[in-house]
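Let's take a walk through this structure together, one region at a time. Have the sequence and the 3D view open side by side as you read.

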Amino acid sequence: MSRRAFAASDEEWTYHGGEFVKMSDIRLSPATHALNYGTGAFEGIRAYWSESRGTLQVLKMREHYERFEKSCRFLRIELPHTIDELCEITLEILRSNAPREDTYIRPLAYKSTTSVGVKLMGDDQLSIFTVPMGNYVELTGLRCCVSSWRRTPDCAIPARGKLTGSYINTALAVDEAQRAGYDDAIFLTQEGHVSEASAANIFLMRKGGLVTPPVTADILEGITRDAVIELAEKELGMPVIQRDVDRTELYAADEVFLTGTGFQIAPIIEVDGRPVGNREIGSVAGRLQELYFKAARGENPDYAYWTVTVEVAEKAAG
Ligand SMILES: Cc1ncc(COP(=O)(O)O)c(C=O)c1O
């Protein structure tokens, strides 16, 4: 099954232009620079809902805003807030919207000038909005292909920045993969090594060890990737080797899985029509999924530092 789409509601509180407003109150000019030239930086942060505690756990919020700040730096976007302030604004939006379900937070900073001409000067704008988000992709086994589109090299568009324009690369690869009946696409670098999936990093189990492409393989330096490296080392005693990965290692691997804020930990059971392992969730991916969800949902005190808790008020009746 392909990925799900989650719509933003007009009724949600949003931070835009320095104030808290309803999504429906925001108007953007079609001449907005970022809309014409892809000059925006963004993040995707998850908050997990706990029914029993009546709280949301915001996962790795500071790490996401640290990466956001770097992405903005690439585009010479001046953020009007410190990382602490961005975290506080995010918590305020969540308290106002009070979602009682898993939620995705989308900070977006962009070139907002309305004059025509490609450059990185001019005004910047910051928006932060939320959408409900359950599982973005199936966690029970994806069927992937290697894309005919190569991952945009860092020397053309910063790969380690989460920049709006670079997602054309993602959209082309996902479109091709899904039209051919696959769930997702795996990119190779210009040199022909494995880079990452459409919007997730990739790990392989090979000869008893975990392997992932290095940060120089034109990947987005994933926060979930770091989380999985930490869990594998601490909980499974399995250091992750970061090295170049060849395409056919995907076919030879015992397990392959994807990691990302949206994807979470998503095992792959087939690559290019070839089974991965015995076409089932591998034991390492399964164990990591279990550990990850416990930590991300704030249910493992050893990983309390991964999350920030938000008390969610009951919605008034009527
Ligand atoms: C291109 C790309 N690679 C990797 C990832 C995974 O990054 P993270 O784990 O920080 O969400 C994402 C998702 O945000 C992505 O868009």
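Leucine 91 counts as partly exposed, because it has 19 C-beta neighbours inside 10 Å, and being buried would take 20 or more. You will find leucine 91 in helix 3. Keep in mind that you are looking at a predicted model. If you trace the chain back from leucine 91 to methionine 61, you pass between two residues that are 30 apart along the chain, and their C-alpha atoms are separated by 9.9 Å.

Now bring in the neighbouring helix. Helix 2 covers residues 61–74 and helix 3 covers residues 83–97, and the two pack with their axes 10 Å apart at an angle of about 125 degrees. That angle falls outside the ranges for roughly parallel, roughly antiparallel and roughly perpendicular, and helix 2 and helix 3 are therefore oblique to each other. Their crossing is right-handed.

Look next at the loop between helix 2 and helix 3, where arginine 76 is found. Arginine 76 is not a glycine, although it has a positive phi of about 55 degrees. With 13 other C-beta atoms within 10 Å, arginine 76 is partly exposed.

Further along the chain there is another residue to set beside it. Aspartate 218 sits in the loop between strand 12 (209–212) and helix 5. Aspartate 218 also is not a glycine, yet has a positive phi, of about 60 degrees. What about its surroundings: is aspartate 218 buried or exposed? It counts as buried, because 26 C-beta neighbours lie inside 10 Å.

From that loop, step into helix 5, which runs over residues 223–236. How far should the 14 residues of helix 5 span? At 1.5 Å a residue the expected span is 20 Å, and the end C-alpha atoms are 19 Å apart, which agrees. Several residues of helix 5 are buried, including Ile223, Thr224, Ala227, Val228 and Leu231. A general point helps when you read such a list: an α-helix has 3.6 residues a turn, so residues three or four places apart point the same way. Just after helix 5 comes glycine 237, with a positive phi of about 60 degrees.

Helix 5 also leads us to the ligand. Which residues are closest to the ligand? Of the 14 residues that surround it, the closest are Leu220, Gly222, Thr224, Gly260 and Thr261. Helix 5 gives the most to this shell, with three residues. Strand 14 (255–260), like helix 5, supplies at least two residues of the shell. Sorted by class, the shell around the ligand has eight polar, four nonpolar and two charged residues.

Finally, travel on towards strand 17. Tyrosine 305 lies in the loop between helix 7 (283–296) and strand 17. Tyrosine 305 counts as exposed, because it has 10 C-beta neighbours inside 10 Å. Computed along the sequence, tyrosine 305 and glycine 17 are 288 residues apart, and their C-alpha atoms lie 31 Å apart in space.

Valine 312 is in the segment after strand 17 (307–311). Because 21 other C-beta atoms lie within 10 Å, valine 312 is buried. Valine 312 and phenylalanine 20 are 292 residues apart in sequence, with 18 Å between their C-alpha atoms.

How values were computed. Residues are numbered from 1 along each chain as its sequence is written. This is a predicted model: local features need pLDDT of at least 70, side-chain atom pairs count only at pLDDT 80 or more; totals for chains, interfaces and linings use all residues. A residue is near a molecule or strand if its C-beta atom, placed from the backbone, lies within 6 Å of it. Helices (H or I, at least four residues) and strands (E, at least two) are DSSP runs, numbered from the N terminus. Ala, Val, Leu, Ile, Met, Phe, Trp, Tyr, Cys and Pro count as nonpolar, Asp, Glu, Lys and Arg as charged, and the others, Gly among them, as polar. The expected span of a helix is 1.5 Å times one less than its number of residues. A residue is buried if 20 or more other C-beta atoms lie within 10 Å of its own, exposed if 12 or fewer, and partly exposed in between; C-beta atoms are placed from the backbone. Axes are lines fitted to C-alpha atoms, for helices over the stretch in contact, and angles run from 0 to 180 degrees between N-to-C directions. Angles under 35 degrees count as roughly parallel, over 145 as roughly antiparallel, 65 to 115 as roughly perpendicular and the rest as oblique. A crossing is left-handed if the near helix is turned anticlockwise from the far one by less than a right angle, and right-handed if clockwise.
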